[in-house]
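Visitor: Could you take me through a single part of this model slowly, the largest cavity, and tell me what surrounds it?

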Amino acid sequence: MLAQIIFILALITAIIAFTISIKKIIRNINLGKDIDRTDHQPERWKNMLKVALGQSKMTARPVAGIMHILVYVGFIIINIEVLEIIIDGIFGTHRVFSFLGSFYNFLIASFEILALLVLLGVFVFLARRLVLQLKRFKGIEMTAWPKSDAIYILVIEVLLMSAFLTMNAADYKLQQAGVHHYTLAGSFPVSQFILPLLPTDINSLILIERFCWWFHILGILAFLNYLPFSKHFHIILAFPNTWYAKLAPKGEFNNMETVSHEVKAMLNPSYTPPAIDANNKFGAKDVQDLNWVQLMNAYTCTECGRCTSSCPANITGKLLSPRKIMMDTRDRMEEIGRNIDKHGKDYNDGKSLLDDYISREEIWACTTCNACVEACPVNIDPLSIILDLRRFAVMEESNVTGSLNAMFSNIENNGAPWKYSPADRFNWANKED
Amino acid sequence: MIQVPTMADMIAAGEEPEVLFWVGCAGSYDERAQRVTQAFAKILTHCNIKFAVLGTEENCTGDPAKRAGNEFLFQMQAMMNIEVLNGYNIKKIVTACPHCFNTIKNEYPNLGGHYDVIHHTQLIQELIDAGKLKAENGESFKGKKITYHDPCYLGRANGVYEAPRKVLEVLDADLVEMKRCKQNGLCCGAGGAQMFKEPEKGKKDVNIERMDDVLETKAEVVAVGCPFCMTMMKDGVKHFEKEQEIEVLDIAEITARNNNLI
Ligand code: SF4
Ligand code: SF4
């Protein structure tokens with residue numbers, strides 16, 4: 001009885017804590033501007049199924065891709081087992097689904113095999129991070145926290161899977177010994193190999209079985225609450241993120257509506273533009289100037305670095321790293337969130353995403369090549385943030401290098417980015433080589 | 001001299017072109033790109049395509065301004081161009097510049113400019129498929145090692161990977177892909193208004209990095225489909241002092257040479 005009460009309390013606490021974290025994240029994402037991304041719904045669903053559920057973009061790098069799918073499928077399916085654990089925990093039952101008979105045996109057997117595969121995948125991932133020292137996992141933005149975040153997750157998975165298998169082994173041994181409460185149920189193709197390592201004494205076995213059971217479920221609840229603070233949150237946000245991702249061709253950059261009104265008024269004096277809100281800025285200086293999809297992108301980023309490793313600017317040693325753009329956006333959002341918690345909604349800490357997090361040198365190194373967008377396995381668009389920061393620098397501050405300014409004035413005065421006379425534009429037709 | 005009709009001429013003669021050839025700023029002014037423009041105009045003429053250009057009425061699409069964050073200037077350019085294009089009742093546009101292609105195709109519609117826009121490599125492929133370009137009498141590229149560099153604004157930005165490759169396939173050449181190609185192609189370094197500024201400091205320039213991929217293929221010809229890529233690859237070849245071994249050619253030039261048009 002006591003165990004049941006403790007279990008229920010733990011469950012409720014975990015759910016409440018998780019809800020609080022999620023609410024904060026939603027509030028932070030809503031700091032962003034509105035954007036309508038609800039068109040073409042069938043295509044959006046298809047994208048989500050393909051990219052988030054089907055992980056179609058992961059296999060662009062086959063080793064990591066296949067391992068990731070393994071760990072992912074295993075993790076999701078093994079969590080069906082969590083349902084049983086929760087019911088058992090609340091009602092004090094044991095293996096409540098065992099009435100399913102041979103189907104139950106099949107389920108448990110597949111969980112075990114998957115658990116083994118997950119372990120395998122996770123070990124490969126750990127080796128890639130700790131032994132192989134792949135370049136993709138390095139970079140200026142990969143400071144102590146993001147690095148350990150990745151390792152923690154992998155270690156947690158190892159612990160959870162090991163607890164699951166050890167629990168099954170002890171259970172199996174108790175079943176064989178005919179101990180009361182441990183009804184004969186399940187099939188244990190993997191954990192049977194652990195049997196010889198376990199003691200034969202019944203009390204120790206029960207202790208091990210119970211310990212692993214508690215460790216497994218408390219571990220999962222703790223993991224759930226770790227998610228919102230971690231890059232691992234992508235296992236949830238990948239779904240909405242791919243659903244709301246841009247569908248237009250990658251080369252299409254949005255036409256700013258506020259600008260359209262002003263330009264129309266300039267070209268046609270009889271056109272009266274609608275009044276614009278005084279707070280409106282052209283482009284983005286801080287996260288509030290971005291739209292909420294861009295902010296959701298930042299929370300979805302898995303920090304995998306596929307974007308950065310295909311970025312021509314980064315490859316050639318420039319400061320720009322699209323992964324850093326996403327991580328900075330998230331860090332800044334969280335900073336503003338903490339400010340709101342501490343000092344109220346209107347607090348201004350005098351900082352901004354541009355300059356305090358992302359430097360001018362970074363945004364001007366981008367070739368807008370879309371390699372980062374193409375590479376991202378969860379359809380994040382770092383380029384759109386870079387562009388919005390550039391728009392702020394150009395349109396609000398007129399803060400650009402002389403050569404870009406010269407290009408602008410050439411276009412304005414000569415209709416070409418170079419200083420040529422418009423009258424010479426057609427001369428090519430009269431030249432013969 | 002090639003006879004290139006302008007829209008003004010056409011209208012004056014009471015005629016309408018099948019397609020407008022949007023030349024672009026690089027194609028109009030840059031000496032190297034002008035040769036590509038001429039080659040493509042010759043292909044159009046050779047195939048009896050009724051085309052016209054805007055001539056001095058053409059203006060920058062605004063692409064470099066937009067990528068650099070100057071949305072005002074971009075929309076000014078766009079709206080002025082749309083006025084000219086709509087004034088001439090243009091329906092179909094072909095251009096040899098992926099930046100113009102992308103901008104007119106994707107960013108003009110919501111400002112009032114709706115056209116059927118294709119890249120010159122796509123039109124050349126159509127002409128080959130229709131049997132209008134026969135690959136006769138011209139320079140043979142048979143057995144030559146050719147590699148194609150994907151322009152970001154044609155490839156990733158708009159998903160056009162096949163047309164330029166199909167055009168090269170008819171040459172019976174030895175086509176080799178670089179290790180980074182198609183979706184994974186590496187930028188030449190000129191996009192996003194980089195063409196008009198000094199690069200930020202780093203280990204090397206992007207086109208030099210790209211040249212490593214080219215050199216690895218041992219190609220004798222680098223085929224391009226963008227005037228900016230042309231400049232960057234040409235500079236890259238020069239950097240490695242490979243002018244004798246490696247030629248940088250636009251797909252239009254290769255096709256024109258192959259058909260004995262230049
Ligand atoms: S679009 Fe910009 S940030 Fe993204 S890969 Fe290309 S150069 Fe890097
Ligand atoms: S933006 Fe995408 S590709 Fe880049 S680190 Fe984040 S998840 Fe990976």
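Guide: Let us begin with the helix that gives the most to the lining of the largest cavity, which is H3(A), with six residues. This is a predicted model, and the volumes and linings that follow are computed from it. Besides helix H3 (62-78), four other helices of chain A each supply at least two residues of this lining, namely helix H2 (41-53), helix H5 (102-130), helix H6 (144-176) and helix H8 (234-243). If you look at the domains rather than the helices, you will find that the lining draws at least three residues from each of domain 1 (1-30 + 61-243) and domain 2 (254-400) of chain A.

The space that these parts enclose has a volume of about 640 Å³, and 31 residues line it. To find the middle of the cavity on your screen, look for Met58(A), His68(A), Phe125(A), His232(A) and His234(A), which are the lining residues that lie nearest its centre. When the lining is sorted by class, 20 of its residues are nonpolar, five are polar and six are charged.

For a sense of the setting, a search of the whole structure finds 12 cavities of 30 Å³ or more, and the second largest of them has a volume of about 120 Å³. That second cavity is lined by 14 residues, and the ones nearest its centre, including Cys25(B), Cys60(B) and Cys100(B), belong to chain B. Its lining, sorted in the same way, has 10 nonpolar residues, three polar ones and one charged.

How values were computed. Residues are numbered from 1 along each chain as its sequence is written. Chains are lettered from A and ligands numbered from 1 in the order in which they are written. This is a predicted model: local features need pLDDT of at least 70, side-chain atom pairs count only at pLDDT 80 or more; totals for chains, interfaces and linings use all residues. Side-chain values use heavy atoms; hydrogens and water are left out. On a 1 Å grid over the protein atoms alone, a cavity is a set of points where a 1.4 Å probe fits but cannot get out, and a pocket is an open set with protein on both sides within 12 Å along at least five of seven lines; lining residues have an atom within 4 Å of a point. Grid points are joined across faces, edges and corners, and a volume is the space filled by probe spheres set on the points. Ala, Val, Leu, Ile, Met, Phe, Trp, Tyr, Cys and Pro count as nonpolar, Asp, Glu, Lys and Arg as charged, and the others, Gly among them, as polar. Domain bounds come from an automatic or database domain assignment.
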